[in-house]
Amino acid sequence: MKIVPFLKSLSRSVHIQEQHDQHDEQELNTVGACTTLTVWRKSLLISCKGFTVIDSNGDLVYRVDNYVGHPEEVILMDASGKSVLTMHRRKKLSLVDSWFVHEGEVDDCRTGTSKSSPTFCVRKNMNVLNANPNILAYVYREAWGHKRYAYLIEGSYTHRSCKVLDEYRNVVAEIKRKEANIGGVSYGVEVFHLIVHPGFDDGFAMALVLVLDQLFF
């Protein structure tokens with residue numbers, strides 16, 4: 001699905017700049033096999049807040065359209081508008097802000113009922129003991145009741161500088177801010193990169209971005 005020329009131009013400009021940046025980054029020595037998405041923190045619908053996600057060809061990949069600023073439920077849709085993943089806030093009283101991730105669409109966001117059980121749970125790191133303030137959140141495999149995290153997210157979402165690491169501390173996805181001005185457009189924090197490493201699902205990576213946006217923005 002092709003989208004407006006501005007976004008297509010934006011995606012290509014960011015992709016070209018990224019190639020120059022990655023040339024100097026030895027830690028991304030497998031970047032050629034990575035999937036790089038451009039994330040725009042803006043809905044395509046004027047009346048909504050959300051996200052627009054495009055690839056390096058300017059094609060729409062994912063979209064999010066929210067009618068309220070801080071929703072209890074966020075739906076990640078593909079280019080055709082089909083629900084891919086649904087994130088909803090945990091309702092139980094807790095000091096830790098947590099979000100469940102479901103496949104498809106949740107039937108009732110008030111109760112969190114769904115045809116499928118949540119596949120993951122993202123829990124904010126409260127830093128009570130300040131053990132590692134660099135950790136933003138832990139991701140657990142909720143469906144199997146694992147006590148140990150499957151992934152952790154560290155860095156700063158506010159500055160669009162985050163890494164998603166697996167339990168062996170291998171980087172599986174990254175959020176990177178674009179500092180440069182390209183074509184007279186200053187991107188700031190509203191447009192950034194989501195770099196997904198081989199073997200990690202880009203839809204789930206985007207779901208983590210959406211949860212981080214609710215937790216830290």
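**A nonpolar surface patch and the second largest pocket**

Leu45 counts as partly exposed because its relative accessibility is 33%, a value that falls between the limits of 20% for buried and 50% for exposed residues. In this predicted model, Leu45 is placed in the loop that runs between β1 (35-40) and β2 (49-54). Together with Tyr67 and Val68, Leu45 forms a nonpolar patch on the surface, and the accessible area of these residues together amounts to about 310 Å².

The loop between β1 and β2 also holds Ser47, which, with a relative accessibility of 59%, counts as exposed, since exposed residues are those over 50%. Although Ser47 and Val68 stand 21 residues apart along the chain, a distance of 9.8 Å separates their C-alpha atoms.

Tyr67 and Val68, both members of the nonpolar patch, also contribute to the lining of the second largest pocket, which is completed by Asp65, Asn66, Pro71, Glu73, Val74, Ile75 and Met77. Two or more residues of this lining are supplied by each of β3 (60-66) and β4 (73-78), and β4 provides the largest share, with four residues. In terms of residue character, the lining of the second largest pocket comprises six nonpolar residues, one polar residue and two charged residues. The space in this second largest pocket is about 150 Å³.

Notes:
Residues numbered from 1 in each chain as written. Predicted model: local features only at pLDDT ≥ 70, side-chain atom pairs only at ≥ 80, totals over all residues. Heavy atoms only, no water. 1 Å grid on protein atoms, 1.4 Å probe; cavity = no way out; pocket = protein on both sides within 12 Å on 5 of 7 lines; lining within 4 Å. Points joined across faces, edges and corners; volume = space filled by probe spheres on them. Nonpolar A, V, L, I, M, F, W, Y, C, P; charged D, E, K, R; others polar. Patch = residues over 30% accessible without salt bridge, like charges linked within 9 Å, V, L, I, M, F, W, Y side chains within 5 Å. Areas by Shrake-Rupley, 256 points an atom, 1.4 Å probe, with all protein chains shown as cover. Salt bridge = Lys/Arg side-chain N within 4 Å of Asp/Glu carboxyl O. Buried < 20%, exposed > 50% of the residue type's maximum accessible area, 1.4 Å probe, protein only.
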